[in-house]
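Open the model in your viewer and show side chains as sticks. The tour moves from one selection to the next.

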Amino acid sequence: MKRIVLLSIVMFVLLGAKAQQSASEPILEDGKAWKWQHVSAFGEDENYVFMVKVIGDTVIEGRKCKLMESSTIMYMSELNNNHVFAACEEDGKIYEYIKQYNFFYPVLDMSLRAGDKVSILDMSGAPMDDAFNRVICEDYIEVFGKTRRRLQLSRRNDDDDVDPKLYWVEGIGFNNDLSRLTDYPVPGGWYRYEMLECYKDGELIFTREDFDAEPCSVTDVLVEPEQMSIYDLKGIKHDRPVKGLNIINGKMTFCR
């Protein structure tokens, strides 16, 4: 009986893993919209909420792009901060086109895997010597019945002890502009952007809290042994997940 139950569990997990291997959902697609919050170090009076949505298609330098509209929807004083820009998605990578510099700047790269080093570019497009992130975990989360691949990044220069955590999620994007692949200069002071919600055809499909959802499976992870309890089905403790079924922090998890 125990053998039958175990085989059933294995088949269930394998089927779930097979579903996760299907074609990934693009981030930039018609009907997508994101609600963002601008957070300033100078107090709540400088904070505001704005929407970014896909409004059409265009071609720039032979690259197929999406036209994106950013519009302020909530601010304590009068502000007209609406503008249109272009972005493209190629092989899991998102680029924002900055017309001022006539350059496509990388924003995120969903083709990366756990352990990959992520160089940060300056506005000239050159890697910054003292700034980089690293993909420290690759897993899957289920939100509103949809399974999505998630990458967690370290903070720059491998500083992992500072909140907020930095995530890229399949079909959604990034949770915080600190995870962008290009270091945009901040004129006149310090601020950051946080994603609040994501919509598809007017339906809510993701929220800020979902970035921290418990994983439904883990592909790979880079952590110190004391941070995570990992065992295989034989009860042997491991420093990192092994291929197949693992028991991670008391939960059965399939790792590819």
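**The largest core**

Start with the largest nonpolar core of this predicted model. Select Trp34, Trp36, Met68, Trp168, Ile172, Met195 and Phe206: of the 36 residues in that core, these touch the most other members. In soluble globular proteins, nonpolar side chains tend to be buried together.

Now centre on Phe206. Setting aside neighbours within four places in sequence, Phe206 contacts Ile141, Val143, Phe144, Arg148, Val169, Ile172, Met195, Leu196, Glu197, Cys198 and Phe211.

**The second core**

Next, select Cys65, Ala86, Tyr95 and Phe104. They are among the seven residues of a second, separate core.

Add Arg63. The charged end of Arg63 sits over the ring of Tyr95, 4.9 Å from the ring centre. Arg63 also lies over the face of Phe104, 4.2 Å from that ring's centre.

**Aromatic pairs**

How many aromatic pairs are there? The count is eight. Take Tyr97 and Phe104 as one example. Their ring centres are 4.9 Å apart and their planes meet at 45 degrees, so the pair is tilted. Tyr97 and Phe104 are both buried.

Move on to Tyr101 and Tyr105. This aromatic pair is edge-to-face, with 6.3 Å from centre to centre and 85 degrees between the planes. Which of these two rings is buried, and which is partly exposed? Tyr101 is partly exposed, at 41% relative accessible area. Tyr105 has 1% relative accessibility, so it counts as buried.

**Last stop**

Finish by selecting Tyr48, Phe50 and Tyr193. Together they form one aromatic cluster.

Technical notes:
Residues numbered from 1 in each chain as written. Predicted model: local features only at pLDDT ≥ 70, side-chain atom pairs only at ≥ 80, totals over all residues. Heavy atoms only, no water. Phe/Tyr/Trp six-rings, centres within 6.5 Å; stacked < 30°, edge-to-face > 60°. Buried < 20%, exposed > 50% of the residue type's maximum accessible area, 1.4 Å probe, protein only. Lys NZ or Arg CZ within 6 Å of the ring centre and 35° of its normal. Core = buried A, V, L, I, M, F, W, Y, C linked by side-chain atoms within 4.5 Å. Contact = heavy atoms within 4.5 Å.
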